[in-house]
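Please walk through this model one region at a time. Keep the viewer open as you read.

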Amino acid sequence: MLRIGLTGGIGSGKSTVSRRLAELGAVVVDADLIAREVVEPGEPALDQIRERFGDGVFTTDGALDRPALGRVVFGDPQALTALEGITHPAIWGRTAQRLAAAQEAGTAIAVHDMPLLVEKGMAGEYHLVLVVDTDEEERVHRLVELRGMPQDEARSRIAAQATDEERRAVADVLLDNNGSPEDLVVAVDRLRQERLAPFADNLATSTAVRAPHEVVLHEVDPDWAGQAAREIARLRHRLGDLAVTVDHIGSTAVPMYAKPIIDLQIGVTDLAVADSSAFRQAMVEGGWPRIEGIDQDSSKDGAPWPKRYHLGCDPAVLLHLHVREVGSPGWRWAVLFRDWLRSEESARVDYRAEKERLAASGLRRGEYAEAKEPWFDAAHERIEAWARETGWSPEGQGA
Ligand code: ADP
């Protein structure tokens, strides 16, 4: 099941998006709704709240008196923490239950409508994060005019949330809602058809998205770093301790003129970890199926350089995942090569010229990768000399 996180600032228009996705067959799990459900009469969280906060936060007919509870926790961090200690586990439990039930029922796409997705650092939990993006002034206007909220309340609520920049950073998809609701619906329909539905199909069948056979090189795309960072957050979330390092490598990490492929290197303690069922299951569920038969790098020292190789399922992102043992020559080389290119302009110029020469000769994907090897081999000594001179080490290089 494709798990989508949907967020946006208050008044951005999330409801339009979740409603439309539900009409198109997705199961929507609404975080605000669940937060209200878990404190309805008869819910266990309600008894705990009474125990901690007393009868004063209840109405005479036994329902939760939200304004009264609000006054008690407002400006009292300890009380707020205590309240959240009761409500949050109930909310997470029910959310997980709903998602599991949807999966059980064979749902292809589940949407978690989660206003605080960014504030809670949850982006890595989803296959895809959609952010509804609407200018702040427009949101204030809509909250005041359409939801009857006092202007100062609208502003203070907006100020208490994550910033637009923070939300954009985790967005795999930005849905602009400064236009009409109809425009937004059209954008959602297109997104579903072009990306969500094929992504869900690929995920269900573990079908990898492969780069096109033609080699098309691109100038630097400023979004490569963001794409890599979002994918790394997902891998970290799914793999936990199974991955020791996860780094953005290759030309898009430099960044420089390149095929628009996000290469990531997952460092494991031993390739046996990469072959374990826990690792393989996490990769399949995350949407990164293993590609069998690609299990060697081109060695630069005569000894075998083993690896494992996975691709992504998102039709909009070309993702290559190289799993290597931390500290192995192949693992080290990938980081060294990137750092050398980052550091040396002349290296980037030479490498670009070689790429252009090969691309112009009309090579296809596999041939192109192979044809680059002599250049790598020739550069090998130069790169190692650079590493010695600069005292380079792969530790702490980061992504
Ligand atoms: P959120 O759930 O993100 O807080 P809503 O979906 O409730 O925000 O949208 C805020 C208000 O703006 C609602 O009254 C909604 O009907 C209205 N709205 C949403 N999109 C548009 C739009 N494109 N143009 C005008 N009003 C809109």
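P255 sits in the loop between β6 and β7. Helices (H or I, at least four residues) and strands (E, at least two) are DSSP runs, numbered from the N terminus. The peptide bond from V254 to P255 is cis, with omega about -10°. Another loop, between α9 (181-205) and α10, holds S206. Phi of S206 is near 50°, a positive value in a residue other than glycine. Most residues other than glycine have a negative phi, and most peptide bonds are trans.

A word on the source. This is a predicted model, in which local features need pLDDT of at least 70 and side-chain atom pairs count only at pLDDT 80 or more, while totals for chains, interfaces and linings use all residues. Residues are numbered from 1 along each chain as its sequence is written, and side-chain values use heavy atoms, with hydrogens and water left out.

Now take the sheet on either side of that cis bond's loop. Four strands, in the order β6-β7-β11-β10, make an open sheet with mixed pairing. Two strands count as paired if DSSP finds at least two bridges between them. The edge strands are β6 (245-249) and β10 (308-311), and each pairs on one side only. From one strand to the next, the twist averages 25°. Axes here are lines fitted to C-alpha atoms, for helices over the stretch in contact, and angles run from 0 to 180 degrees between N-to-C directions.

Strand β7 (residues 262-268) pairs with β11 (residues 319-325) in the parallel sense, over 7 bridges. I266 stands opposite V323 in β11. Helix α10 (residues 224-239) packs on this sheet and touches β6, β7 and β11. Contact means heavy atoms within 4.5 Å. The direction of α10 makes about 30° with that of β7. Helix α12 (residues 277-286) also packs on the sheet, touching β7, β10 and β11, and its direction makes about 155° with that of β7.

Move to the other sheet. Here 5 strands form an open sheet in the order β2-β3-β1-β4-β5, and the pairing is parallel. β2 (27-30) and β5 (173-176) stand at the edges with a single partner strand each, so one side of each has no neighbour in the sheet. Neighbouring strands are turned by 25° against each other on average, direction ignored. Strand β4 (residues 128-133) pairs with β5 over 4 bridges, in the parallel sense. Within that pair, L174 of β5 is the bridge partner of V131. Helix α9 packs on the sheet, touching β1 (2-8), β3 (109-113), β4 and β5, and its direction makes about 160° with that of β5.

Next, the ligand. Which residues come nearest? Of the 15 residues around the ligand, they are G11, K14, S15, R147 and N177. A residue counts as near if one of its heavy atoms lies within 4 Å. Polar contacts are pairs of N or O atoms within 3.5 Å. A backbone N or O atom of G13 lies 3.0 Å from a ligand oxygen. Polar side-chain atoms of K14 and S15 lie 2.8 Å and 2.7 Å from an oxygen atom of the ligand. Taken alone the ligand exposes 560 Å², and the protein buries 79% of that (Shrake-Rupley method, 1.4 Å probe).

Last, the charges. The whole structure has 32 salt bridges, each a side-chain nitrogen of Lys or Arg within 4 Å of a carboxyl oxygen of Asp or Glu. One of them joins the side chains of E138 and R142, at 2.9 Å, N to O. These two are 4 residues apart in helix α6 (residues 136-147), so about one helical turn separates them.

Methods:
A polar contact is a pair of N or O atoms within 3.5 Å; within protein, one must be able to donate a hydrogen and the other to accept it, and residues adjacent in sequence count only if both atoms are side-chain atoms.
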